[in-house]
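I opened a fresh page for this one and kept my entries short. Have the structure open beside you and follow along.

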Amino acid sequence: MKIVLDANITLALVLSLPATPQAVQKVSDWQKQGYQFFVPTLWCYEVISALRKARVAGFLDAVAVKEAFDQLLGLPIEWVDPTPILMERSLYWAEILGQRVAYDGAYLAVAEAIEAEFWTLDHKLIRAILPLNLGWIHALTAED
């Protein structure tokens, strides 16, 4: 019972975002069911970049950034280091999705490699992947 969480879901756990209630409830339910959470190590830089953007935009003060950072580091998430195979699959997924960068591909490569579900708040990503009919890729929505 494994889930790869997109950075946007983990950020919703520690920031006040529109999807925060759904993310908190869903992750809490998964924890109660014994799911394990995974992310590529890229996640680290994505979340600190998002916190920095929020700080520069004036949405968070320095104290709130530090608190959110500490909460993120305290999440029960296992970081998956890159390997040549994961990097190759990241490129593959970027190609399939028609993306210029392989960030989303890294998450999909990890989920694929460890045979996990992938969950995201990124509906643009979901729309891009929808034609492939992959049952292990999911969008967190208000209905969840």
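**Entry 1: salt bridges.** Before counting, I fixed the rule: a salt bridge is a side-chain nitrogen of Lys or Arg within 4 Å of a carboxyl oxygen of Asp or Glu. I also noted that this is a predicted model. With that rule, I got a count of 2 salt bridges.

I looked up Asp70 and found it bridged to Lys66, with 2.7 Å between the closest N and O atoms. Both Asp70 and Lys66 belong to helix H4 (residues 62–73), where they sit 4 residues apart, about one turn of the helix. I then checked how open to solvent they are. Asp70 is partly exposed, at a relative accessible area of 39%, and Lys66 is partly exposed too, at 47%.

The other entry under this heading is Arg89, which makes a salt bridge with Glu112; here the closest N and O atoms are 2.7 Å apart. What does this pair tie together? I traced Arg89 to helix H5 (residues 84–97) and Glu112 to helix H6 (residues 103–114), so the bridge ties together parts that are 23 residues apart in sequence. Arg89 comes out as partly exposed at 26% relative accessible area, and Glu112 as partly exposed at 27%.

**Entry 2: the core and Phe118.** I went inside next. The largest nonpolar core has 47 residues, and the members that touch the most others are Val4, Leu5, Ile9, Trp43, Leu51 and Phe118. I picked Phe118 and listed what it contacts, leaving aside neighbours within four places in sequence. My list reads Val4, Asp6, Tyr107, Leu108, Ala111, Leu125, Trp136, Ile137 and His138.

**Entry 3: Leu15.** I found Leu15 in the loop between helix H1 (7–14) and helix H2 (20–32). Is this loop residue buried or exposed? Leu15 counts as buried, because its relative accessibility of 15% falls under the 20% cut-off. Beyond four places in sequence, I see Leu15 in contact with Thr20, Leu51, Leu60 and Ala68. I also took a span across the model: the C-alpha atoms of Leu15 and Ala128 are separated by 26 Å, and the two residues are 113 apart along the chain.

**Entry 4: aromatic rings.** I counted 7 aromatic pairs in the structure. One of them joins Tyr92 and Trp93, with the rings 5.1 Å centre to centre and 75° between the planes, which makes the pair edge-to-face. I was curious about how each partner sits. Tyr92 is partly exposed at 35% relative accessible area, whereas Trp93 is buried at 4%. I also noted one aromatic cluster, formed by Trp30, Tyr35, Phe37 and Trp119.

**Entry 5: a surface patch.** Tyr92 came up again here. Together with Ile96 and Leu132, Tyr92 forms a nonpolar patch on the surface, and the accessible area of the three together is about 240 Å². I placed Leu132 in the loop between helix H7 (123–129) and strand S5 (137–139). Leu132 is partly exposed, with 38% relative accessible area.

**Entry 6: Asp104.** Back in helix H6, I stopped at Asp104. Where does this acidic residue stand on accessibility? Asp104 is buried, with a relative accessible area of 14%. Apart from neighbours within four places in sequence, its contacts are Leu97, Gln99, Asp122 and Leu125. I also compared its position with Trp93: the two are 11 residues apart along the chain, and their C-alpha atoms are separated by 7.8 Å.

**Entry 7: backbone angles.** Last, I looked up positive phi values outside glycine. Which residue turned up in the loop between H6 and strand S4 (117–120)? I found Glu115 there, with a positive phi of about 55° although it is not a glycine. Glu115 counts as exposed, at 73% relative accessibility. Asn133 also has a positive phi of about 55° without being a glycine. I placed Asn133 in the loop between H7 and S5, and Asn133 is exposed, with a relative accessible area of 70%.

Key
Residues are numbered from 1 along each chain as its sequence is written. This is a predicted model: local features need pLDDT of at least 70, side-chain atom pairs count only at pLDDT 80 or more; totals for chains, interfaces and linings use all residues. Side-chain values use heavy atoms; hydrogens and water are left out. A nonpolar core is a set of buried Ala, Val, Leu, Ile, Met, Phe, Trp, Tyr and Cys residues joined through side-chain atoms within 4.5 Å. Buried means under 20% relative accessible area, exposed over 50%, partly exposed in between (1.4 Å probe, protein chains only). Contact means heavy atoms within 4.5 Å. Patches are made of residues with over 30% relative accessible area and no salt bridge: like charges are joined within 9 Å, nonpolar side chains (Val, Leu, Ile, Met, Phe, Trp, Tyr) within 5 Å. Accessible areas come from the Shrake-Rupley method with a 1.4 Å probe; for residues, only the protein chains shown count as cover. Helices (H or I, at least four residues) and strands (E, at least two) are DSSP runs, numbered from the N terminus. Rings of Phe, Tyr and Trp (its six-membered ring) pair if their centres lie within 6.5 Å; planes under 30 degrees apart count as stacked, over 60 as edge-to-face and the rest as tilted.
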